[in-house]
Amino acid sequence: MARMIGAKAGVAAVLALLVSSSSAFTAPASALSMKTGGVTSQPIGHYEFCQTHKSECRPGARTAPARVTAFGWSVVRQVNARINHDVTPMTDMEIYGKDEVWAYPDGAGDCEDFVLLKRRTLMEKGFAAGDLLITVVRKPDGEGHAVLTLRTTEGDYVLDNLNNDVKLWTETPYRYLKRQASFHAGRWVSIENGDAVMVSSVGQ
């Protein structure tokens with residue numbers, strides 16, 4: 001029993017290094033956060049993913065974003081860059097012979113697969129599911145794309161397989177359409193300010 005208590009204490013200490021509990025940090029979420037609307041359609045690929053990964057598509061508690069520590073930010077950046085390096089970009093058609101297959105990549109995958117792996121990896125490192133949200137965007141050329149949004153008290157940040165830098169969402173060249181609901185991993189909500197002015201993406 002003492003060993004079990006010690007192990008739990010060790011896990012709690014690691015989590016404290018990554019994020020500060022939102023209940024202990026009462027400052028409001030930054031104005032640099034996405035404004036979400038009502039529940040909207042779930043992408044078919046995610047719906048099918050949820051049929052085989054039900055435990056990853058469950059409801060959760062409504063919480064405010066957590067404050068990420070300096071160590072937590074270093075973990076986020078390392079995870080983003082490492083997975084971008086380790087996974088070879090390939091389309092679903094190239095891998096499976098059909099479109100819209102959301103799965104954990106086995107050496108290769110498309111944008112949704114990068115996102116799924118980053119989300120799972122960061123959850124394993126102590127980040128809350130409600131702060132790690134799969135997000136659908138449109139690239140400047142009109143093509144659909146998926147990124148991972150990290151909710152924080154400093155705003156919403158984006159992990160993208162097309163960029164090793166973790167950027168504030170308003171500093172990316174995308175139009176934001178919808179994302180997972182923070183209160184339910186199997187539901188999706190619209191993004192009402194998805195056309196927010198790009199701050200530093202001009203000229204990139």
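**A friendly tour from helix α5**

Mentor: Let's start with the buried residues of α5: Cys-111, Glu-112, Asp-113, Phe-114, Val-115, Leu-116, Leu-117, Lys-118, Arg-119, Thr-121 and Leu-122. Please keep in mind that this is a predicted model.

Trainee: Thanks! How many of the 14 residues of α5 are buried?

Mentor: Helix α5 runs over residues 111-124. It is mostly covered, and the count of its buried residues is 11 of 14.

Trainee: Why does Cys-111 count as buried?

Mentor: The cut-off for buried is under 20% relative accessible area. Cys-111 falls below that cut-off, so it counts as buried. The value behind this is a relative accessible area of 14%.

Trainee: What distance does α5 reach from its first C-alpha to its last?

Mentor: The helix has 14 residues, and the expectation is worked out at 1.5 Å a residue. That gives an expected 20 Å, and the model comes close to it. The reach from first to last C-alpha is 20 Å.

Trainee: Which residue with a positive phi follows α5?

Mentor: Look just past the helix for a phi near 110°. The residue there is Gly-126.

Trainee: Which residue has a positive phi although it is not a glycine?

Mentor: Most residues other than glycine have a negative phi. Here the exception has a phi of about 60°, and it is found in the loop between α4 (92-96) and β5 (108-109). The residue is Glu-100.

Trainee: Is Glu-100 buried or partly exposed?

Mentor: Partly exposed covers the range between 20% and 50% relative accessible area. Glu-100 has 33%, so its class is partly exposed.

Trainee: Which cysteines form a disulfide?

Mentor: A search of the whole structure finds one disulfide. Its sulfur atoms are 2.1 Å apart, and with -85° about the S-S bond the link is left-handed. Both partners are buried. They are Cys-50 and Cys-57.

Trainee: Which residues does Ser-190 contact, leaving aside its neighbours within four places in sequence?

Mentor: Ser-190 sits in strand β11 (residues 184-191). At 23% relative accessibility it counts as partly exposed. Its contacts, with those neighbours left aside, are Lys-35, Thr-36, Gly-37, Gly-38, Thr-40, Leu-177 and Lys-178.

Trainee: What separates the C-alpha atoms of Ser-190 and Gln-180?

Mentor: Along the chain, Ser-190 and Gln-180 are 10 residues apart. In space, their C-alpha atoms are separated by 8.9 Å.

Conventions: Residues numbered from 1 in each chain as written. Predicted model: local features only at pLDDT ≥ 70, side-chain atom pairs only at ≥ 80, totals over all residues. Heavy atoms only, no water. Disulfide = S-S within 2.5 Å. Buried < 20%, exposed > 50% of the residue type's maximum accessible area, 1.4 Å probe, protein only. Helix = DSSP H or I, 4+ residues; strand = E, 2+ residues; numbered from the N terminus. Expected span 1.5 Å × (residues − 1). Contact = heavy atoms within 4.5 Å.
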